[in-house]
Amino acid sequence: MQIKAKKSLGQNFLKSKTALLAMIKAGEIISDDIVLEIGPGQGALTEKILETGAKVIAVEKDDRLIEVLDEKFAESVKNSQFTLIHGDILELDLNKMGLKNGNFKLIANIPYYITGLIFRKFLSGDIQPKKLVIMVQKEIADRIVARDGKESLLSLSVKAYGDVKKIMKVEKENFSPKPKVDSAILLINDISKDFFNEINEEKFFDIIKTGFAHKRKMLVANLKEKFGQNDLQKIFQHLKIPEKSRSENLKLEDWKILTKNLNS
Ligand code: SAM
């Protein structure tokens, strides 16, 4: 069946076998794994995941594709290797889908309009995958890995939960229909909340958001707005953070130390 891609659902189907196999390799998928796939589309990635022997739970929003997938993977549905859920991943309760914290991998070529919401649900939520391999817009991947050496609210918000690595760039020609932007495969490994064992998650985010509030201001000036009751100069000296630092120059560990030392 010929399916006309729906722009509103971010439908750009991946054609590149190299990219598909790179996602499987990055996921280090073995037959014991449970893999959650968001937006299986016409099943190009699903097929490769199923070939590893892993169990796949896929969530697809487009009812037209449910029919296609049910037919294509009838055998895998029958032997319970494949479970297809018709729904919106943002609205589903992961617990009710049988997913437990750390017992699954998330591998997906996601619709880009929900990239941020997917990070939020699967990184700061209570049920985290152990590993996440996703296709994102190339610029987003570069910002997350801080390719230019500059950290951002986005890079820190992701790195706080896992180790990030850009696997490869995937040019727009590898999708059908061809999108306007290039993409990249991003791997987030060893996902956990261990970073927040010693510091409060909410306080950390409050501090980084304040630190990045005004791009042109120095970090001290930004922090003064909300944390002015602290002797910021003294704290910076004590922590050996240069007083004229900009937020983008501080690494994740520096923000952890700041969170420990600032009173809110
Ligand atoms: N995985 C396929 C591939 O690699 O060719 C399709 C990828 S396409 C970029 C994104 C897919 O996500 C589409 O099939 C679309 O219908 C589906 N989708 C869009 N929004 C969704 C949502 N909120 N929940 C689940 N699936 C969604």
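Which side chain does Asp33 meet in a salt bridge? Keep that in mind as you open this predicted model; the tour begins at the ligand and comes back to Asp33 at the end.

**Stop 1: the ligand and its shell.** Select the ligand and show what is around it. You should find 23 surrounding residues, with Gln11, Leu14, Gly39, Glu60 and Asn109 the closest. Colour this shell by residue type and you get 11 nonpolar, seven polar and five charged residues. Now switch on the cartoon: strands β1 (13-14) and β3 (55-60) each give at least two residues to the shell.

**Stop 2: the polar contacts.** Start at Leu14, where a polar backbone atom is 2.9 Å from an oxygen atom of the ligand. Move on to Lys61, which places a backbone N or O atom 3.4 Å from a ligand nitrogen. Then select Asp88: here an N or O atom of the side chain is 2.9 Å from a nitrogen atom of the ligand. Turn on the surface next, and see how the protein covers 99% of the 590 Å² of accessible area that the ligand has on its own. The space that the ligand takes is the largest pocket.

**Stop 3: the salt bridge.** Back to the opening question: select Asp33 and Lys105, whose side chains form a salt bridge with an N to O distance of 2.8 Å. Asp33 sits in the loop between α1 (17-27) and β2 (34-38), while Lys105 belongs to strand β5 (residues 105-109), so this pair ties together parts 72 residues apart in sequence. If you would like to keep exploring, the whole structure holds 19 salt bridges.

Notes. Residues numbered from 1 in each chain as written. Predicted model: local features only at pLDDT ≥ 70, side-chain atom pairs only at ≥ 80, totals over all residues. Heavy atoms only, no water. Near = heavy atom within 4 Å. Polar contact = N/O pair within 3.5 Å; in protein donor to acceptor, adjacent residues only side chain to side chain. Areas by Shrake-Rupley, 256 points an atom, 1.4 Å probe, with all protein chains shown as cover. 1 Å grid on protein atoms, 1.4 Å probe; cavity = no way out; pocket = protein on both sides within 12 Å on 5 of 7 lines; lining within 4 Å. Sits in = over half its atoms within 2 Å of the grid points. Helix = DSSP H or I, 4+ residues; strand = E, 2+ residues; numbered from the N terminus. Nonpolar A, V, L, I, M, F, W, Y, C, P; charged D, E, K, R; others polar. Salt bridge = Lys/Arg side-chain N within 4 Å of Asp/Glu carboxyl O.
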